[in-house]
Amino acid sequence: TKHPLCQRLTSYEALERDEREVLLAFERVPHQALGRFPLSALRDERDLHMDMLREPGRRADAHVVRYTFASQFVHRQDRVLDAACGLGYGAAIMHDAAGPVSVRGLDASEYAVDYAAAVFGPRRPRVRFSKADVMDIAQLPDESVDVVTSFETLEHIADPRSFVRAAARVPGPGGPFL
């Protein structure tokens with residue numbers, strides 16, 4: 001799989017140009033996770049979930065750049081909530097970019113959180129994934145996290161306005177909701 005910080009070596013913009021040389025970084029998928037989640041299993045989930053670090057192409061790179069961008073708002077010791085985290089690659093990107101942060105990924109799919117925990121969790125002990133509806137963040141106390149991220153979510157939920165209100169309320173003062 002591509003390393004979560006791969007776009008620090010070769011930017012998204014550079015990937016779009018016809019460069020003679022491109023530098024890529026990879027990390028091994030944990031052996032147990034690879035046995036449980038081979039690429040063939042990911043193809044079956046493609047309609048809803050994709051691990052953009054294991055996918056080639058422009059679409060995957062565009063998803064990775066969103067989290068690469070978001071990571072500039074994450075600082076050491078922050079508490080990050082990634083609502084609708086999917087297969088967890090975004091949580092890994094933010095964790096690796098900011099150093100020792102805690103990231104909690106929520107997703108309604110048990111498959112997604114199992115995958116994320118197996119593939120990205122072993123190297124990142126401060127990253128955890130839970131099966132939960134994104135609307136559950138309305139129950140979180142004010143200022144319980146420092147940063148909230150949620151990409152490609154609004155089109156999947158019944159009440160996007162309530163979700164946006166809750167997601168904007170949960171970070172501490174000045175904490176971003178991306």
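1. Elements first. Helices and strands here are DSSP runs numbered from the N terminus, with at least four residues for a helix and at least two for a strand. On that basis, glycine 99 sits in the loop between H6 and E2. The model is predicted.

2. Glycine 99. This residue follows H6 and has a positive phi, near 85°. Its relative accessible area is 23%. Buried means under 20% and exposed means over 50%, so glycine 99 counts as partly exposed. Arginine 169 lies 70 residues away along the chain, and the two C-alpha atoms are separated by 25 Å.

3. Helix H6. How many residues of H6 are buried? Ten of its ten are, so the helix is mostly covered, given that buried means under 20% relative accessible area. The run goes Tyr89, Gly90, Ala91, Ala92, Ile93, then Met94, His95, Asp96, Ala97 and Ala98. Asp96 and His95 are therefore on the buried list along with the alanines, by the under 20% cut-off. What do these buried residues pack against? The partners are two helices, H1 and H5, and the strands E1, E2 (102-107), E3 (127-131) and E4 (147-149).

4. H5 against H6. Two packed helices are described by the angle between their axes and the distance between the axes. For this pair, the axes come within 9 Å and cross at roughly 35°. The crossing is right-handed. H5 brings His63, Val64, Tyr67, Thr68 and Ala70 to the contact. H6 brings Tyr89, Gly90, Ile93 and Met94. By class, the contact residues are six nonpolar and three polar, with no charged residue.

5. Serine 71. Just past that helix pair, serine 71 lies in the loop between H5 and E1 (79-83). Is serine 71 buried or exposed? Its relative accessible area is 9%, and the cut-off for buried is under 20%, so serine 71 is buried. Setting aside neighbours within four places in sequence, its contacts are Met94 and Ala97. Both of those residues appear among the buried residues of H6.

6. The cavity. A search of the whole structure finds one cavity of 30 Å³ or more. The space in the largest cavity is about 30 Å³. Which residues line it? Pro4, Leu5, Cys6, Gln7 and Arg8 do, together with Thr68, Ser71, Ile93 and Ala97. H1 (6-9) and H6 each supply at least two lining residues. H1 gives the most, with three. The class split is five nonpolar, three polar and one charged. Ser71 thus ties two points of this note together: Ser71 lines the cavity, and serine 71 is in contact with Ala97, another lining residue.

7. The pocket. The largest pocket holds about 610 Å³ of space. Its lining has 26 residues, with Leu48, His49, Ala84, Glu152 and His156 nearest the centre. H5 (58-70) and H6 (89-98) are the elements that give two or more residues to this lining. H5 has the largest share, four residues. By class the lining has twelve nonpolar, seven polar and seven charged residues.

8. Two backbone outliers to inspect at the pocket. Alanine 84 has a positive phi of about 65°, although it is not a glycine. Alanine 84 lies in the loop between E1 and H6. Glutamate 152 also has a positive phi, about 60°, and it is not a glycine either. Its place is the loop between E4 and H8 (160-169). Both residues are among those nearest the pocket centre.

9. Glutamate 152 in more detail. At 40% relative accessibility, and with partly exposed running between 20% and 50%, glutamate 152 counts as partly exposed. Its contacts, leaving aside neighbours within four places in sequence, are His63 and Arg66. His63 also belongs to the contact of H5 with H6. Valine 134 is 18 residues from glutamate 152 in sequence, and the C-alpha atoms are 12 Å apart.

Definitions and conventions: Residues numbered from 1 in each chain as written. Predicted model: local features only at pLDDT ≥ 70, side-chain atom pairs only at ≥ 80, totals over all residues. Heavy atoms only, no water. 1 Å grid on protein atoms, 1.4 Å probe; cavity = no way out; pocket = protein on both sides within 12 Å on 5 of 7 lines; lining within 4 Å. Points joined across faces, edges and corners; volume = space filled by probe spheres on them. Nonpolar A, V, L, I, M, F, W, Y, C, P; charged D, E, K, R; others polar. Axes fitted to C-alpha atoms, helices over the stretch in contact; angles between N-to-C directions. Left-handed = near helix turned anticlockwise from the far one by under 90°. Contact = heavy atoms within 4.5 Å. Buried < 20%, exposed > 50% of the residue type's maximum accessible area, 1.4 Å probe, protein only.
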